[in-house]
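Student: I should like to examine this protein step by step. May we begin with the structure itself and then discuss how its parts are joined?

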Amino acid sequence: MSAVVADLAAARPGFDVRLAFLDLNAPSVEQVVDAVAAEGHTHAVITPLLLGSAFHARVDLPGLLAAAHARHPQLQLTQAGVLGPDARLIAALRDRVAEASNSVPLVARSNRRLGIAVAAVGSSSPAANARTAEVARRLAALTGHLAEICFATTEPTLPEAISRLRTRGAEDILVAPWFLAPGLLTDRLVAAAPNVLHANVIGPHAALTDIVWDRYAAAIATTLTMSA
């Protein structure tokens, strides 16, 4: 994620861009907000690098920001929208699929039918999972390949998605992780299907940079409208 944030900062040199994590890594959201407040800033926009609007975006982050505002009432905190299944981000996923398939001449040059297992985190919310499933359908339309959704933390699992793709006629399988960065869950996906090709995570990409700045701009515009 550091490389993603470096791209964001490079795109807008005049902005103070900082990385924070909701959990597992440091610095935490609380630590970064406390530092921003200590430096005398009066407004910060928190742009979640989240692919879906589920528990983290709807509960965790708003709760952290409410607590931070209680600690620092002079600091206005604005939460921007999640990245979501933006068409540009799905195109970035297509780029990762193309890079992976082109790295294997047998797959890239043969007439064998390719099936893509789009692997996402998964949510306890069926509605959130249904929205994520649209990513696989849109990627299939974009690439012309078969595609099925699967999740790292719920069903359908990666082996189930691979089975469905085989049933639909796929001869070669490629796993396309709907993740911004590698980690424990992407490692689990590799372990669950070690004998198929795995594309890289989306990672640093010009489309991701553009989308994050768009979310920032929308949040600022909303804040200004509400203040008018």
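**Salt bridges, domains and strands**

Tutor: A search of the whole structure, which is a predicted model, finds twelve salt bridges.

Student: Which residue forms a salt bridge with Arg-71?

Tutor: The closest N and O atoms of this pair are 2.8 Å apart. Arg-71 belongs to helix H3 (residues 55-71) and its partner to helix H2 (residues 29-38), so the salt bridge ties together parts that are 37 residues apart in sequence. The partner of Arg-71 is Asp-34.

Student: How is the protein divided into domains, and what distance separates the centres of domain 1 and domain 2?

Tutor: The domain assignment gives domain 1 as 1-84 + 206-227 and domain 2 as 87-198. Taken over C-alpha atoms, the distance between the two centres is 29 Å.

Student: Which three residues supply the most of the area that domain 1 buries against domain 2?

Tutor: The size of an interface is often given as the accessible area lost when the parts come together. Here the two domains bury about 950 Å² between them, with 70% of it on carbon and sulfur atoms. Three residues supply 45% of the area that domain 1 buries, more than any other three: Met-1, Leu-51 and Ile-211.

Student: How many residues of domain 1 are in contact with domain 2?

Tutor: On the side of domain 2, ten residues take part in the contact. On the side of domain 1, the number is 14.

Student: Which side chains meet in the salt bridge between the domains?

Tutor: Side chains of opposite charge can pair when their charged atoms come close. The count between domain 1 and domain 2 is one salt bridge, and its N to O distance is 2.7 Å. The side chains that meet are those of Asp-214 and Arg-88.

Student: Which helix gives the most to the side of domain 1 that touches domain 2?

Tutor: The residues on this side divide into eight nonpolar, two polar and four charged. The helix that gives the most supplies six residues and spans residues 206-227; it is helix H9.

Student: Why do strands S4 and S6 each have one side without a neighbour in the sheet?

Tutor: Four strands form an open sheet with parallel pairing, in the order S4-S3-S5-S6. Strand S4 (146-151) and strand S6 (197-198) stand at the edges, so one side of each has no neighbour, and each is left with a single partner strand.

Student: What is the bridge partner of Ala-120 in S4?

Tutor: Strand S3 (residues 114-120) runs parallel to S4 and is joined to S4 by six bridges. In S4, the partner of Ala-120 is Phe-151.

Student: Where is Pro-156 found, and what is the omega of the peptide bond from Glu-155 to Pro-156?

Tutor: Pro-156 has its place in the loop between S4 and helix H7 (158-167). The peptide bond from Glu-155 to Pro-156 is cis, and its omega is near 0 degrees.

Terms used
Residues numbered from 1 in each chain as written. Predicted model: local features only at pLDDT ≥ 70, side-chain atom pairs only at ≥ 80, totals over all residues. Heavy atoms only, no water. Domains from an automatic or database assignment. Contact = heavy atoms within 4.5 Å. Buried area = accessible area lost by both parts, 1.4 Å probe. Salt bridge = Lys/Arg side-chain N within 4 Å of Asp/Glu carboxyl O. Helix = DSSP H or I, 4+ residues; strand = E, 2+ residues; numbered from the N terminus. Nonpolar A, V, L, I, M, F, W, Y, C, P; charged D, E, K, R; others polar. Pairing = 2+ DSSP bridges.
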